[in-house]
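User: Could you take me through the helix packing and the charged pairs of this model, with the reasoning behind each answer?

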Amino acid sequence: SDIQNMRQQLDSASPAQEWQQSYDFYIQALDSFLRYLDLMQTIIEENDRMVDCNPRLDSLKQEWEGYVDDSINAMPI
């Protein structure tokens, strides 16, 4: 719920135009991270011991990390 609250705050924010792309990437990172957490929960609930080597989980992790990197790189510094 904390992540969803952060996302709602970012959605309702009105950043300066030069910061908008960074905000957009970070929102995508939060969405991807939520999908990652949902998948991890499903894997755990199914008692799948393959959490450490699950390709779908690894792919989502790379996706949200990529969005975070994109957000940082889009910051006007």
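**Helix faces and salt bridges**

Analyst: In this predicted model, P55, Q62 and N73 are exposed on the other side of α3 from its buried residues.

User: Which residues of α3 are buried, and how are they arranged around the axis of the helix?

Analyst: The buried residues of α3 are L57, L60, W64 and S71. Seen down the axis of α3, these buried residues fall within an arc of 70°, so they line one face of the helix. What covers them includes a helix formed by residues 17-45, namely α2.

User: What span does α3 reach from its first C-alpha to its last?

Analyst: Helix α3 covers residues 55-73, and with 19 residues it would be expected to extend 27 Å at 1.5 Å a residue. The model comes close to that expectation, its reach from the first C-alpha to the last being 26 Å.

User: Which residues are linked with R7 in a network of salt bridges?

Analyst: Within helix α1 (residues 2-12), R7 and D11 lie 4 residues apart, about one turn of the helix, and their side chains meet in a salt bridge at 2.3 Å, N to O. R7 also forms a salt bridge with D31, where the closest N and O atoms are 2.4 Å apart. This second pair links distant parts of the chain, with R7 in helix α1 and D31 in helix α2, 24 residues apart. The network therefore joins R7 with D11 and D31.

User: Which residue pairs with E63 in a salt bridge?

Analyst: E63 is partly exposed, with a relative accessible area of 30%, and its side chain meets its partner at 2.5 Å, N to O. The partner counts as partly exposed at 41% relative accessibility, and is R35.

Terms used: Residues numbered from 1 in each chain as written. Predicted model: local features only at pLDDT ≥ 70, side-chain atom pairs only at ≥ 80, totals over all residues. Heavy atoms only, no water. Helix = DSSP H or I, 4+ residues; strand = E, 2+ residues; numbered from the N terminus. Expected span 1.5 Å × (residues − 1). Buried < 20%, exposed > 50% of the residue type's maximum accessible area, 1.4 Å probe, protein only. Arc of directions from axis to C-beta. Contact = heavy atoms within 4.5 Å. Salt bridge = Lys/Arg side-chain N within 4 Å of Asp/Glu carboxyl O.
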